[in-house]
Amino acid sequence: MTVTFFDLCLYAGALAVLFLTPGPVWVALLARSLSGGFQAAWPLAIGVAVGDIFWPLVAVLGVAWLVTTFAWFMDVLQWVAVVVFLLMGLALIRNANHALNANSRLTRPGMWAGFVAGLAVILGNPKAVLFYMGILPGFFDLTQVTVLDMVAICTLSFVVPLLGNLVLAVSVDKVRGILRSGAAIRRMNLTAGWLLIGVGIAIAMTA
């Protein structure tokens, strides 16, 4: 390995700061946690973590041509994410008066649906693109990294955001659990719906 333990610690700290900076992922995770609890949120956290492996790989491999060649694919992915989050948000707002367990499509959209949503939001997240493509090279000499270095970098890129997002999802789920009244459920669904729409708008503005 060419990267040192200290380099990796600095990088892990930067990842933690990145997580603590609110962005589309936070909004999506809060919306999912509010609408469906931890069960709806953890697949999204996994999708985000898997997506977080993509950008450092692109940066480490130094294949700028990849982004150029598949620019159309990234654009399509962003607009798919926009449509998904807008539709989910509108569905929650439309069913704001429904009990949380009345519509399984809203409260338990499925592991695959959550995973894909997380993957889409992180791949279309301008904050992640800026960090990995613009800042990551400042931590490591990407012309000298070995396979083991890449494994270490990608592992941190996966683990740190995953742990942060899971903790956030659990915290929101615990708060959500004390909301029992119909009025509280309506407010929660409306909030979650508008948050999801906010994610779609945020992605659309950067597309």
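Is Asp149 buried or exposed in this predicted model? Asp149 counts as buried, because its relative accessibility is 0%. The views below start with the whole chain and then move in on single spots.

**View 1. The whole protein is built from helices, nine of them, with zero strands.** Reading from the N terminus, the elements go α-α-α-α-α-α-α-α-α. Of the 207 residues in the protein, 44% are buried. Take the contacts between residues at least 6 apart in sequence: 90% of them join residues at least 24 apart.

**View 2. Here we look into the largest nonpolar core, a set of 36 residues.** Which residues touch the most other members of this core? They are Tyr11, Phe131, Tyr132, Leu136 and Phe140. Several helices chip in: H1, H2 (24-61), H6 (111-123), H7 (126-135) and H8 (147-176) supply at least two residues each. H2 gives the most, with 10 residues.

**View 3. Next up is the packing of helix H2 against helix H6.** The two axes are 6 Å apart, and the angle between the helices is about 55°. That angle is neither under 35 degrees nor in the 65 to 115 range, so H2 and H6 count as oblique to each other. The crossing of H2 past H6 is right-handed. What sort of residues make up the contact of H2 with H6, by class? There are 18 nonpolar residues, along with four polar and two charged ones.

**View 4. This close-up is centred on Asp52, a residue of helix H2.** Asp52 counts as buried because its relative accessibility is 4%, and the cut-off for buried is under 20%. Which residues does Asp52 contact, once its neighbours within four places in sequence are left aside? The list is Ile122, Tyr132, Ser157 and Pro161. One of these, Tyr132, already turned up in View 2 among the residues that touch the most other members of the largest nonpolar core.

**View 5. Staying on helix H2, we move to Trp55.** Trp55 counts as buried too, because its relative accessibility is 3%. Look across to Cys154 as well: Trp55 and Cys154 are 99 residues apart in sequence, yet their C-alpha atoms are 9.1 Å apart in space.

**View 6. Back to Asp149, the residue from the opening question, which is found in helix H8.** With 0% relative accessibility, Asp149 is buried. What does Asp149 touch, not counting residues up to four places away in sequence? Its partners are Met1, Thr2, Val3 and Gln144. Keep Thr2 in mind for the next view, where it is paired with Val147.

**View 7. Val147 also has its place in helix H8.** Val147 counts as exposed because its relative accessible area is 63%, and the cut-off for exposed is over 50%. So here is a contrast within one helix: Val147 is exposed, whereas Asp149 is buried. How many residues apart in sequence are Val147 and Thr2? They are 145 residues apart in sequence, and 9.9 Å apart in space, C-alpha to C-alpha.

**View 8. The last stop is Leu10, in helix H1 (residues 5-20).** Leu10 counts as partly exposed because its relative accessibility is 42%, a value that falls between the 20% and 50% cut-offs. Where is Phe139 relative to Leu10? Between the two C-alpha atoms there are 7.8 Å in space, while in sequence Leu10 and Phe139 are 129 residues apart. Helix H1, where Leu10 lies, is also one of the helices that supply at least two residues of the largest nonpolar core.

How values were computed. Residues numbered from 1 in each chain as written. Predicted model: local features only at pLDDT ≥ 70, side-chain atom pairs only at ≥ 80, totals over all residues. Heavy atoms only, no water. Helix = DSSP H or I, 4+ residues; strand = E, 2+ residues; numbered from the N terminus. Buried < 20%, exposed > 50% of the residue type's maximum accessible area, 1.4 Å probe, protein only. Core = buried A, V, L, I, M, F, W, Y, C linked by side-chain atoms within 4.5 Å. Axes fitted to C-alpha atoms, helices over the stretch in contact; angles between N-to-C directions. Parallel < 35°, antiparallel > 145°, perpendicular 65-115°, else oblique. Left-handed = near helix turned anticlockwise from the far one by under 90°. Nonpolar A, V, L, I, M, F, W, Y, C, P; charged D, E, K, R; others polar. Contact = heavy atoms within 4.5 Å.
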